[in-house]
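Work through the exercises below with the sequence and the 3D structure side by side. Try each task before you read its solution.

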Amino acid sequence: MSSNSSESQSILSNRPIQFFPYLAEVGLIVLLLVATVVINLRMIRDGLNGYGDLLWHITWIQHFSKQIFEGIWYPRWLAGTNFGYGSPTFVFYPPLVYYIGSFFKLIGLNIEQTMTALFSSGLFGAGLSFYIYGRNKWGRIPAFIGGLSYMTIPAIADLINGGGLASLFAMALIPLGMYLTDQALVRPKWRAALAIFWSTIALTHVPSLLFCTIAWLFYTLFFLLKRPWKAVITTIASAGIGFGMVSFYLLPAILEQRFVNIEYMRGIDGGRFQASIFKFLDGGLSNIFIQELLAMVVLTIVSTLICLKGFRKNAAIIKETWLWLAFLIILVFLMSEWSWPIWKSSNILQMLQTPRRLGALFFFGEATLCGLTLSQKFQLRQRLKIFPLIIITIVIIANFKFGYQLFRALPALHNPGRGKVENLERLKIALYEPYTNKLIDVPEYRPSIKNSNKLPLVPRIDQPPVSVMSGKAAIQLNQWDSYNRMFNVTAEDTSSVRIRTYYYPAWHLYINQKPYPIDVSDDGTMKFTVEPGFYAVALRYQWTQYFTLGIILSIFSSVALVLFWIKSPKNSGSGQQ
């Protein structure tokens, strides 16, 4: 009896000790959530600023969510944009963030609250993702400080301030991808999770997918020096399965580009890339950027020196430090004018539009050095052990100050101050009148037909849904939905009829319930010609051959993933998996 009582008391006394790690974990995550509110307080309190790409994202979320609520599970064609001409926006732009935005709208948030929730979610996700990555490598506190550093870096502040919604979510995924890669190399079942990661980032942001894939491939191949080749190759193959799972998006996005003005995205200005890292310093905020970049350089140098000094007896840490430093130097080179010959050699690389996008990887590397610096008790003299923490704290505060100055530099919708919200009228339409055919869409997704000046097509506002271009005919509209349009044509003589909808091969025309050829007008809209008589006309948006093939490949890849996970052992054992 006394023995049982003693065991019970021992168990009870150990419970607080066992519970403490979970409490500490939750506490650190709550602190990251608090940091999210503090960092994004300007948007939460004063509203949106209308700057950069924000207008496009608001427009897309409004129409994407509307069509989901209509029962269209994957709204690839946004019917109400381009003044009603429509746009195949989500044939080419990844839809994941907009599904999340639609969920926020579904639970009752208005569009302003939805946008704020999205940006805040991306910011919090960046901190949490880095915490997960760092906790596995260094422990809770270094991971938390690294996550805080990652949340406050200039690139994230610039994305929030400049409306880079999808880019922000992609940047938040980078540390998680590194964590899953490290796990997958030693635990085969984690390769299924890594495949899902690649599917996720492919559905988030294409430029980020491009540079992350290239950097990840080099990173993973490097492990051939210290891991069995089968483990490395199988890990790389998991990415292929991940891409296959989203073939329903990737295949049309690649193979249907010839139908739209996608070349507009290359971002070439006079034969050169938009803004190198040095041109990034131009403008009214140049002093802020210079100060912040100097702070990053100082942090990188100090972190490197501390790691090399503090871990001088740990060859693995020394090697890792040098590798991260080399990685950062390569990224600085690629973001400079000196790397132009490399970018010029590839049209695919130019689709990144600006080398500044590589800043996501640069600042991830900087935050990793930050966590690495704090990962162990250094073999420094006692009075110097606090030194790295002081330096990192100063830089985090400098980062926060930079973000605060950046946010305050532009007026917000509900607190304009002395400034003027950019594109205020268009912003109000996107927020409060999104379905009135008054919103345009990006030029790269308009038909590839160009006018005599070789400029992108520009739709005209207030055009009727259907009009007679030549001849004499009466039009009666019966239905005008996002994916289905029906009307009657009563022609007194040979007539050419124009439909206010941009041509895309997914549209199919039926007259009197029979397929009918579509002609393309000079302005990119669809037209057809009929002889005298009465015609019941139907225009339907349907699957293209590439989308159909993509669906099939996605199903096969998903089945392959399940089989891959079932047959994978839990651990690599001898490392031969």
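Accessible areas here come from the Shrake-Rupley method with a 1.4 Å probe, and for residues only the protein chains shown count as cover. The model is a predicted one.

**Exercise 1. The chain as a whole**

Task: State how many helices and strands the chain has, what share of its residues counts as buried, and what part of its accessible surface belongs to carbon and sulfur atoms.

Solution: Begin with the secondary structure, where the chain has 21 helices and eleven strands. Next, turn to burial: of the 577 residues of the chain, 52% count as buried, a label that requires a relative accessible area under 20%. The accessible surface of the chain comes to about 27,000 Å², and 63% of this area belongs to carbon and sulfur atoms. Finally, consider the contacts in the chain with a separation of 6 or more, of which 75% are accounted for by residues 24 or more positions apart.

**Exercise 2. Three residues, buried or exposed**

Task: Decide for Thr220, Pro515 and Pro434 whether each is buried or exposed, and then find what each one touches.

Solution: The cut-offs come first, since buried means under 20% relative accessible area and exposed means over 50%.

- Thr220 lies in helix α11, which covers residues 206–222. Its relative accessibility is 0%, so Thr220 counts as buried. Leaving aside residues up to four places away in sequence, Thr220 touches Thr181, Leu185, Val232, Thr235 and Ile236.
- Pro515 belongs to strand β8, residues 514–516. Because its relative accessible area is 65%, Pro515 is exposed. With residues up to four places away in sequence not counted, Pro515 touches Leu509 and Tyr510. Pro515 and Ala538 are 23 residues apart in sequence, and their C-alpha atoms are 9.4 Å apart in space.
- Pro434 sits in the loop between α20 (424–432) and β3 (466–470). Its relative accessible area is 6%, and therefore Pro434 is buried. Residues up to four places away in sequence again being left out, Pro434 touches Gln62, His63, Ile429 and Leu439. Although Pro434 and Gly80 are 354 residues apart along the chain, their C-alpha atoms are separated by 8.3 Å.

**Exercise 3. From a covered helix to a surface patch**

Task: Describe how far helix α8 is covered, follow Ala157 to Tyr404, and say which residues make the nonpolar surface patch.

Solution: Helix α8 covers residues 154–161 and is mostly covered, with seven of its eight residues buried. The buried residues are Pro154, Ala155, Ile156, Ala157, Leu159, Ile160 and Asn161. After α8 comes Gly163, whose phi is positive, near 75°.

Now take Ala157, which is placed in helix α8 and counts as buried because its relative accessibility is 8%. When residues up to four places away in sequence are not counted, Ala157 touches Phe402, Gly403, Leu406 and Phe407. Ala157 and Tyr404 are 247 residues apart in sequence, yet 8.5 Å apart in space from C-alpha to C-alpha.

Tyr404 leads to the last step, for this residue is in helix α19 and helps to make a nonpolar surface patch of about 520 Å², together with Val26, Val30, Val34, Val38 and Phe400. The elements that give two or more residues to the patch are α1 (2–39) and α19 (387–408), and α1 gives the most, with four residues. As a general point, an α-helix has 3.6 residues a turn, so residues three or four places apart point the same way.

**Exercise 4. A helix crossing and an enclosed helix**

Task: Describe the crossing of α12 and α21, and explain why helix α13 is said to be largely enclosed.

Solution: Two packed helices are described by the angle between their axes and the distance between the axes. The axes of helix α12 (residues 229–245) and helix α21 (residues 545–567) come within 7 Å and cross at roughly 145°. The contact is made by Thr234, Ile241, Gly244 and Met245 of α12, and by Leu553, Ser554, Ser557, Ser558, Leu561 and Phe564 of α21. The crossing of these helices, α12 and α21, is left-handed.

Helix α13 covers residues 247–255, and seven of its nine residues are buried, so the helix is largely enclosed by the rest of the structure. The residues buried in α13 are Ser247, Phe248, Tyr249, Leu250, Leu251, Pro252 and Ala253. Their cover includes α4 (89–92), α10 (190–202), α11, α12 and α21.

Definitions and conventions:
Residues are numbered from 1 along each chain as its sequence is written. This is a predicted model: local features need pLDDT of at least 70, side-chain atom pairs count only at pLDDT 80 or more; totals for chains, interfaces and linings use all residues. Side-chain values use heavy atoms; hydrogens and water are left out. Buried means under 20% relative accessible area, exposed over 50%, partly exposed in between (1.4 Å probe, protein chains only). Contact means heavy atoms within 4.5 Å. Patches are made of residues with over 30% relative accessible area and no salt bridge: like charges are joined within 9 Å, nonpolar side chains (Val, Leu, Ile, Met, Phe, Trp, Tyr) within 5 Å. A salt bridge is a side-chain nitrogen of Lys or Arg within 4 Å of a carboxyl oxygen of Asp or Glu. Axes are lines fitted to C-alpha atoms, for helices over the stretch in contact, and angles run from 0 to 180 degrees between N-to-C directions. A crossing is left-handed if the near helix is turned anticlockwise from the far one by less than a right angle, and right-handed if clockwise.
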